Number of protein chains: 2
Amino acid sequence: MQSNLPHLQSTFTTDCVIFGFHEGELKVLLIERNEYPFKGWWALPGFFVEHNETIDDAVKRILYEHTGLRGIFMEQLYTFGNLKRHPQGRIITVAYYALLRLDDLKSQPAPVTDYARQAVWHPLKNLPELAFDHRHIIDKSIQKVRRKISYSPIAFELLPEKFTLTQLQQLYEAIWGRKLDKRNFRKKMLNYNILKELPEFQRGVSYRAARLYKLDKRKYAKVFQNELTFSR
Amino acid sequence: MQSNLPHLQSTFTTDCVIFGFHEGELKVLLIERNEYPFKGWWALPGFFVEHNETIDDAVKRILYEHTGLRGIFMEQLYTFGNLKRHPQGRIITVAYYALLRLDDLKSQPAPVTDYARQAVWHPLKNLPELAFDHRHIIDKSIQKVRRKISYSPIAFELLPEKFTLTQLQQLYEAIWGRKLDKRNFRKKMLNYNILKELPEFQRGVSYRAARLYKLDKRKYAKVFQNELTFSR
DNA sequence: ATTTAATAGTGTAGTAAATACACACTATAT
DNA sequence: ATATAGTGTGTATTTACTACACTATTAAAT
């Protein structure tokens, strides 16, 4: 770390909580650090912000390095600046969270960076011990997402383009950590008129195939302005 | 600026949008800068964060310097890091907003800092041109406050300890920028059961004196957990 | 003493939205 | 044939939201 960390070249980093949704479970992408401090520990993807890039660009760069994807939904979360959060001195980090369609990943993400030995999706419910204050950052992210999906249609960022209502419901249940009534969920969700019913159905399932829906982007844009209020 | 700004001593600042409420109007405390860049311009109170203080502490320090008060409600808003936001190079700022009971100020705030020539409360509706990206920061703050008062009782931070329901309503109206129905407002607000009716009335008014209320802190704490949903 | 001006304070009814709840149908695996 | 897991619909009840108009109180002016 000493060598490739120019002294005070940058005094702040960015860290990104990348959420994915798979098999009814929320997952977070963690890296195994290949650098001191915390070499060998699991941590959030993140690095120093370069002098000539905005913070947003730095996050996009990190997202691309770890997923090979561009245009991922991301949003700034909070800036953490505790004096003791980094053993090498006070280094603040601007934390972001990102929501990712896991089916967009052709393969397992290959770390292109030299500071990560591997990158692995971990279920949110079963996280390893993390470097720095990264556990705290993840906790704050999930709180933010939990609140935000009740007034903004960000949930769709986590689903494939075509999805079933059950998948959508499972996603809300995973984020809120509680069961929802199926009938009311469908009624409410369809009433927003932001979903487009497709003439297609699930394939390869051993039960009645569910209808597929996709987001109606024009109506979505309209509703996004006024904000949904999907509560409870 | 050159002299008292040690080179790279700190590469980030904090700026604070301090809101007050007086005579039915929302106000923001602005300083007139006494330093380059933007010497003579109006700007948000803010300064470099010292090496040995947390960001929160830096904000508290700035709040104290400009108001003489401690324990003011404050919350982090967003971190701004555009490459061109500061003429001297990329300096990010962690912006906060604070809510202040104006009646707690014994006198006009006297700037204790050397970087401010004066500090003046400006009505939000009539702001001067501002230094840096501070106008943008204020706009984002008011959006945040507007959203937040609909699910969290932060409005009380802006009112004196004892207040009338009309004052409370005017505050909501000022923040949301629209009129509310008096009866519905009262009904809803009293139904939360977070206000304590006092055996006291307004004094010195030339019309029927209104009853005073204060926040019931025990009930407030309970409700705060579940979050209000005071909307529209 | 009376009037005026200004604001405080109060209730009801209609409408819309959220919730709770029960059953029937379809496909698949064994 | 049966068990299982999922889809798909209707209705009644409760709760929340909206619209709306008059009387009461106080101080100041006459």
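**Exercise 1. The two domains of chain A**

How many residues of domain 1 of chain A are in contact with how many residues of domain 2 of chain A? Work it out on this predicted model, then say what the domain 1 side is made of.

*Solution.* Start with the bounds: chain A splits into domain 1 (12–148) and domain 2 (154–226). Next, get a feel for the spacing, with 27 Å between the two domain centres, taken over C-alpha atoms. Now count the contacts: 13 residues of domain 1 of chain A meet 10 residues of domain 2 of chain A. On the domain 1 side, β1 (12–22), β2 (25–33) and α2 (134–148) of chain A each put in at least two residues. Sort that side by class and you get 6 nonpolar, 2 polar and 5 charged residues.

**Exercise 2. The fold of chain A**

Write down the order of helices and strands along chain A, and say what percentage of its residues is buried.

*Solution.* Tally the elements to begin with: chain A has 5 helices and 9 strands. Walking along the sequence, you should read β-β-β-β-α-β-β-β-α-α-α-β-β-α. For burial, the answer is 31% of the 232 residues in chain A. Finally, look at how far apart in sequence the partners sit: among contacts between residues at least 6 apart, 68% join residues at least 24 apart.

**Exercise 3. Helix α1, seen in both chains**

Compare the span of α1 in chain A with the expected value, then decide whether A58(B) is buried or exposed.

*Solution.* Take chain A to begin with. Helix α1 (residues 55–67) has 13 residues and covers 18 Å from its first C-alpha to its last, close to the 18 Å expected at 1.5 Å a residue. Its buried residues include I55(A), A58(A), I62(A) and H66(A). A general point helps when reading such a list: an α-helix has 3.6 residues a turn, so residues three or four places apart point the same way. Just past the end of α1(A), G68(A) adopts a positive phi of about 75°.

Now switch to chain B, where A58(B) sits in helix α1 (residues 55–67). Buried means 20 or more other C-beta atoms within 10 Å. A58(B) has 23 of them, so A58(B) counts as buried. Leaving out residues up to four places away in sequence, A58(B) touches T14(B), V49(B), E50(B) and E53(B).

**Exercise 4. How chains A and B pair up**

Find the operation that superposes chain A on chain B, and describe the side of chain A that touches chain B.

*Solution.* Superpose the copies: a rotation of 179° with 0.1 Å of shift along its axis does the job, at an RMSD of 0.1 Å. The two copies are therefore related as by a two-fold rotation axis. Then count: 17 residues of chain A are in contact with 17 residues of chain B. On the chain A side, β5 (73–80) and β6 (92–100) each give at least two residues, and β5(A) has the largest share, with 3 residues. By class, this side holds 7 nonpolar, 9 polar and 1 charged residues. As a last check, 94% of the interface residues of chain A are also interface residues in chain B, so the copies meet through the same surface.

**Exercise 5. Around DNA strand D**

Which residues come nearest to DNA strand D, and which element supplies the largest share of the surface near that strand?

*Solution.* Of the 20 residues around DNA strand D, the nearest are T166(A), R183(A), A210(A), S206(B) and R208(B). Then go by element: α3 (165–176) and α4 (182–191) of chain A, along with α4 (182–191) of chain B, each supply at least two residues. The largest share, 4 residues, belongs to α4(B). Sorting the surface near DNA strand D by class gives 5 nonpolar, 5 polar and 10 charged residues.

How values were computed. Residues are numbered from 1 along each chain as its sequence is written. Chains are lettered from A and ligands numbered from 1 in the order in which they are written. This is a predicted model: local features need pLDDT of at least 70, side-chain atom pairs count only at pLDDT 80 or more; totals for chains, interfaces and linings use all residues. A residue is near a molecule or strand if its C-beta atom, placed from the backbone, lies within 6 Å of it. Ala, Val, Leu, Ile, Met, Phe, Trp, Tyr, Cys and Pro count as nonpolar, Asp, Glu, Lys and Arg as charged, and the others, Gly among them, as polar. The expected span of a helix is 1.5 Å times one less than its number of residues. A residue is buried if 20 or more other C-beta atoms lie within 10 Å of its own, exposed if 12 or fewer, and partly exposed in between; C-beta atoms are placed from the backbone. Domain bounds come from an automatic or database domain assignment. Two residues are in contact if their C-beta atoms, placed from the backbone, lie within 7 Å. Copies are superposed by least squares on the C-alpha atoms of residues with pLDDT of at least 70 in both.
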